[in-house]
Amino acid sequence: MVATAGVDVCDDMKNRIPVVLLAYHLHQTGMYQVIEGIISPVNDSYGKKDLVASHHRVAMARLALQTSDWIRVDPWESEQAQWMETVKVLRYHHRELLRSSAQMDGPDPSKTPSASAAPPELKLLCGADVLKTFQTPNLWKDEHIQEIVEKFGLVCVSRSGHDPKRYILDSPILQRFQHNIHLAREPVLNEISATYIRKALGQGQSVKYLLPEAVITYIRDQGLYVSDNSWKGKGKTD
C-alpha cells in the first residue's frame, strides 16, 4: 500500500494508524496478504501552504516510523525535479515492486506457471476526502482516476463529515470499479489534524502525546513551524 501525501507534521494518526488499520481490513477480506506499507512525502513544488522542505518531512516520517518493521518512507517522489501526479508515483512504485519481487523469487525450473505465486499488487491508501476531490473539475484527469482504481485500486479510510459510498455512486468511473475500492472505518474517530498540530507548535503549545517524542525533538532542534521564538526557553515539551 502506498500513502502519498504532504506528510508534514508526522503524527501517528495521519501516517501509521491508517496504514495499519487498512492493512488489517485487507487481511480480513481473505483476499490479500499485506507485505509492506509505503509513505511517500510529496514534492516541494506541490505548493501546499505551510509545507516544510521535503528533507525535513522525510526525516520526520522516518522518525515517526522507526519502530515499524513493515511501513517505510520512500523519498523518491520528494526528490524529483518537480511535482508528479499521483498516478505517476504509483507507476514508479509498482515497477519497483515487480522488479523487487522478481529478484527475490528468481528463476525456479521446478515451478510450473500455474504454481507460481500471483504477482504483487499495489494499492493507494487515501482518506475519504480524496474520493470527493475526484469530482472537483479540472483537478484530476479522468484517465488517471480510471487507471488508479482499475489497475491499482484504493484502500480508503473514513473521515469525519464525508460519505465515501455516496462519492462512489456519484462518479461513473468509481462506480464502475467499486469492486477495487475498499472502505474501512476507523474504530475510534480522531479529529486531531496536522493543521491543528502545526497551529499548536506555532503558538508554543505542547504537542506531547500527539507526536512521537523523537519527532518533537527534531521539530524543536530544527526550529520548524514557528515564525517567532515559540520554542525559546521551553526545553522539553511536556
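**Exercise 1. Place Gln 66 in this predicted model, and decide whether Gln 66 is buried or exposed.**

Solution.
- Step 1: locate the residue. Gln 66 sits in the loop between helix 2 and strand 3.
- Step 2: read the accessibility. The relative value for Gln 66 is 52%. Exposed means over 50%. Gln 66 therefore counts as exposed.
- Step 3: look for a polar partner. A polar atom of the Gln 66 side chain lies 3.4 Å from the backbone oxygen of Leu 63.
- Step 4: look along the chain. Gln 66 and Ala 214 are 148 residues apart in sequence, yet their C-alpha atoms are 9.6 Å apart in space.

**Exercise 2. Ser 68 is in the loop between helix 2 and strand 3. Is Ser 68 buried or exposed? Which backbone atom lies 2.9 Å from its side chain?**

Solution.
- Step 1: the relative accessibility of Ser 68 is 19%. The cut-off for buried is under 20%, so Ser 68 counts as buried.
- Step 2: the backbone atom is the nitrogen of Ile 71, 2.9 Å from a polar atom of the Ser 68 side chain.
- Step 3: place the partner. Strand 3 spans 71-73.

**Exercise 3. Describe how helix 2 and helix 10 pack.**

Solution.
- Step 1: choose the descriptors. Two packed helices are described by the angle between their axes and the distance between the axes.
- Step 2: apply them. Helix 2 covers residues 54-64 and helix 10 covers residues 213-222. Their axes come within 8 Å and cross at roughly 155 degrees.
- Step 3: classify the angle. Over 145 degrees counts as roughly antiparallel, so helix 2 is roughly antiparallel to helix 10.
- Step 4: list the contact residues. Helix 2 supplies His 55, His 56, Ala 59, Met 60, Leu 63 and Ala 64. Helix 10 supplies Ala 214, Val 215, Tyr 218, Ile 219 and Gln 222.
- Step 5: sort them by type. Eight are nonpolar, three are polar and none is charged.

**Exercise 4. Which residues have the most contacts inside the largest nonpolar core, and which elements give two or more residues to this core?**

Solution.
- Step 1: the core has 23 residues. Those with the most contacts inside it are Leu 90, Leu 131, Val 149, Leu 154 and Leu 174.
- Step 2: list the elements that give two or more residues. The helices are helix 4 (86-105), helix 5 (128-133), helix 6 (142-152), helix 7 (164-169) and helix 8 (172-176). The strands are strand 4 (124-127) and strand 5 (154-157).
- Step 3: find the top contributor. Helix 6 gives the most, with four residues.
- Step 4: take one residue, Leu 131. Beyond neighbours within four places in sequence, Leu 131 contacts Leu 154, Cys 156, Pro 164, Tyr 167, Ile 168, Leu 174 and Leu 183.
- Step 5: check for another core. Another core of 18 residues lies apart from this one, and includes Val 34, Ile 39, Val 155 and Val 157.

**Exercise 5. Which residues of helix 6 are buried? What is the phi of Gly 153, just after helix 6?**

Solution.
- Step 1: the buried residues of helix 6 are His 144, Ile 145, Glu 147, Ile 148, Val 149 and Phe 152.
- Step 2: just past the helix, Gly 153 has a positive phi of about 105 degrees.

**Exercise 6. Compare Asn 138 and Tyr 225 by phi, place and exposure.**

Solution.
- Step 1: recall the background. Most residues other than glycine have a negative phi.
- Step 2: read the phi values. Phi of Asn 138 is positive, near 65 degrees. Tyr 225 also has a positive phi, about 65 degrees.
- Step 3: place them. Asn 138 is in the loop between helix 5 and helix 6. Tyr 225 is in the segment after helix 10.
- Step 4: read the exposure. Asn 138 is exposed, at 83% relative accessible area. Tyr 225 is buried, at 14%.

**Exercise 7. Where is Val 19, and what does Val 19 contact?**

Solution.
- Step 1: Val 19 is in helix 1 (residues 12-29).
- Step 2: its relative accessibility is 2%, so Val 19 counts as buried.
- Step 3: set aside neighbours within four places in sequence. Val 19 then contacts Met 1, Gly 37, Ile 39, Trp 70, Ile 71 and Leu 125.
- Step 4: take Met 1. Val 19 and Met 1 are 18 residues apart in sequence, and 7.7 Å apart C-alpha to C-alpha.

Methods
Residues numbered from 1 in each chain as written. Predicted model: local features only at pLDDT ≥ 70, side-chain atom pairs only at ≥ 80, totals over all residues. Heavy atoms only, no water. Axes fitted to C-alpha atoms, helices over the stretch in contact; angles between N-to-C directions. Parallel < 35°, antiparallel > 145°, perpendicular 65-115°, else oblique. Contact = heavy atoms within 4.5 Å. Nonpolar A, V, L, I, M, F, W, Y, C, P; charged D, E, K, R; others polar. Buried < 20%, exposed > 50% of the residue type's maximum accessible area, 1.4 Å probe, protein only. Polar contact = N/O pair within 3.5 Å; in protein donor to acceptor, adjacent residues only side chain to side chain. Core = buried A, V, L, I, M, F, W, Y, C linked by side-chain atoms within 4.5 Å.
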